[in-house]
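User: Please examine the model shown below. I shall then put several questions about its metal site, its ligand shell and its strands.

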Amino acid sequence: MDHRELIENVRSAIAASKDGVAALCLVRLDRLAQINELIGYESAGLLLEEFKDRLQSMVRRNDALLVMDAHKMVLIIHGLANEQHLALAANKLERLFDTPIEVINDQVKVSVHAGFVMAGNATAEDLLRRAESALRQAQQSRRAWVVADSSTALGEGMDWAFSQEMESALAEGEFTLFHQPKCHAAYHTIVGAEALIRWHSAKHGIVPPDQFIPCAERSGLIAPLSWFVLKAALAQCRTWPQDVGVAVNIAPVLLDGEELSQVTRDALAIFDVAPSRLTLEVTEGGIARNRDHAFALLTAMRERGVRVSIDDFGTGYSSFSHFRDIPADELKIDRSFVSRMRKSPADARIVKSIIDLAHNFALKVVAEGVEDEETADHLQHLGCDYLQGYWLAKPMSGPDFGSWLGRKLGPNRATD
Ligand code: C2E
Ligand code: CA
Ligand code: CA
């Protein structure tokens, strides 16, 4: 469900309240990425179904259960007159996941966190934001659920504490890189890997990037964190064969200053990696926020031989006028289109037009989130240049990726 649709549904679910007292609860299934890795995609799909079903069992006549994304659901509960009522509902929710979920050959004990907010007169968008904040607070304080209060509005205090933790984690070496390979769409030869950051937190366990990158961006920690990623990625790329490159994600704020250019130049020199082996993945939104500066910066990088890729393409600001002189070598079609193309002809058509558009502007195309052979074949047929996704391989730790490459390339090609 897209965000606007979700807001609309929240609005009407709350409006359906007979007595005017409703609460919104945002429930998140923990560690979905790890569960996926552990039990595989098929089982994880069943597990997600059961996650939904158990939540559905809490839904009474006027209540509503809405999907936010794969592992996040929004519950609108009516008739919760006070915080005691809410606490009862929260405890019930927690107990729903006491028994493990059975999937193909496994029993998986899952845990959830929840953020509650009383509806009052706030707008649906505000409620979702405050519930997100409360949810994050719950995750960070290791409580199963937290009820938003007026100080939860933007969660700045909590952000600060979290960013402090990240800062010490960086100093203590709790961040590492995983690598996910990309292959040529027709020959399936390995052309490179995307570096994806992982936080192995002593306190929180494995924290996925989408849970800490936004906070790092707000607190300014994104810069040192990204310089770590850039250096670690090049240090590892250096040990791979010459024709295997590395792609690094670049947060929008890093396109504002000059530091990205300096750090990249120094790191390429220190690790002695050819600039053409490095791809910077930037988003359309990142370029659009300070267009002239971003264009100049990326153009200069490309003149030095570094590749530029437009990540998550199709989700943002796409406009034809943008395209004429966009300083990029590659487009990465967002995985939301790719994952749906098998079942949805409309998405397949979007993918086809993105490929054609990119080729008209001499850009290479990567499809990300390719999960099955049928999609891989279809993309190759549509002329897509490179493929990335679970179909080829999941993101792997540095050592695992090294051995994987070795197996793929044969004994004499593991390093050059
Ligand atoms: P992204 O750049 O779109 O990265 C791809 C994400 O899709 C990764 O999630 C990857 O594990 C996942 N993925 C890959 N193949 C498949 C597939 O076949 N199916 C599905 N469903 N997912 C697939 P991950 O590693 O959790 O990263 C999430 C996001 O966090 C990234 O999205 C990126 O925006 C951000 N991120 C990760 N590392 C960094 C970093 O070093 N710096 C910055 N600024 N952002 C990062
Ligand atoms: Ca990316
Ligand atoms: Ca992406």
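User: Is Asp-311 buried or exposed, and what is its relative accessible area?

Analyst: This is a predicted model, in which local features need pLDDT of at least 70, side-chain atom pairs count only at pLDDT 80 or more, and totals for chains, interfaces and linings use all residues. Residues are numbered from 1 along each chain as its sequence is written, chains are lettered from A and ligands numbered from 1 in the order in which they are written, and side-chain values use heavy atoms, with hydrogens and water left out. Buried means under 20% relative accessible area, exposed over 50%, and partly exposed in between, with a 1.4 Å probe and protein chains only. Asp-311 therefore counts as buried, its relative accessible area being 6%.

User: Which residue coordinates both the calcium ion (ligand 3) and the calcium ion (ligand 2)?

Analyst: Donors are N, O and S atoms within 2.8 Å of the metal (3.2 Å for Na, K and Ca); water is not among the atoms, so sites may look incomplete. For the calcium ion (ligand 3), the protein donors are Asp-311 (OD), Asp-312 (OD), Glu-368 (OE) and Glu-368 (OE), at 2.3 to 2.5 Å, and the donor residues follow the spacing D-D-x55-E. The two calcium ions, ligand 3 and ligand 2, lie 3.8 Å apart, and the residue coordinating both is Asp-311.

User: What is the phi of Asp-312?

Analyst: Asp-312 is found in strand E13; helices (H or I, at least four residues) and strands (E, at least two) are DSSP runs numbered from the N terminus. With 25% relative accessibility, Asp-312 is partly exposed. Although Asp-312 is not a glycine, its phi is positive, at about 55°.

User: Which element gives the largest share of the shell around ligand 1?

Analyst: The shell holds 21 residues, a residue being near a molecule or strand if one of its heavy atoms lies within 4 Å of it. At least two shell residues come from each of strand E9 (190-201), helix H6 (209-219) and strand E13 (307-313). The largest share, four residues, is supplied by E9.

User: How much of the accessible area of ligand 1 does the protein cover?

Analyst: A polar contact is a pair of N or O atoms within 3.5 Å; within protein, one must be able to donate a hydrogen and the other to accept it, and residues adjacent in sequence count only if both atoms are side-chain atoms. Oxygen atoms of ligand 1 lie 3.4 Å from a polar side-chain atom of Asp-312, 2.9 Å from a side-chain N or O atom of Arg-335 and 2.8 Å from a polar backbone atom of Tyr-390. Accessible areas come from the Shrake-Rupley method with a 1.4 Å probe, and for residues only the protein chains shown count as cover. Of the 800 Å² that ligand 1 has on its own, the protein covers 85%.

User: Which residue of E7 is the bridge partner of Phe-116?

Analyst: Two strands pair if DSSP finds at least two bridges between them. Strand E6 (residues 112-118) pairs with strand E1 (residues 22-29) in the antiparallel sense over seven bridges, and three bridges join E6 to strand E7 (residues 145-147) in parallel. In E7, the partner of Phe-116 is Val-147.
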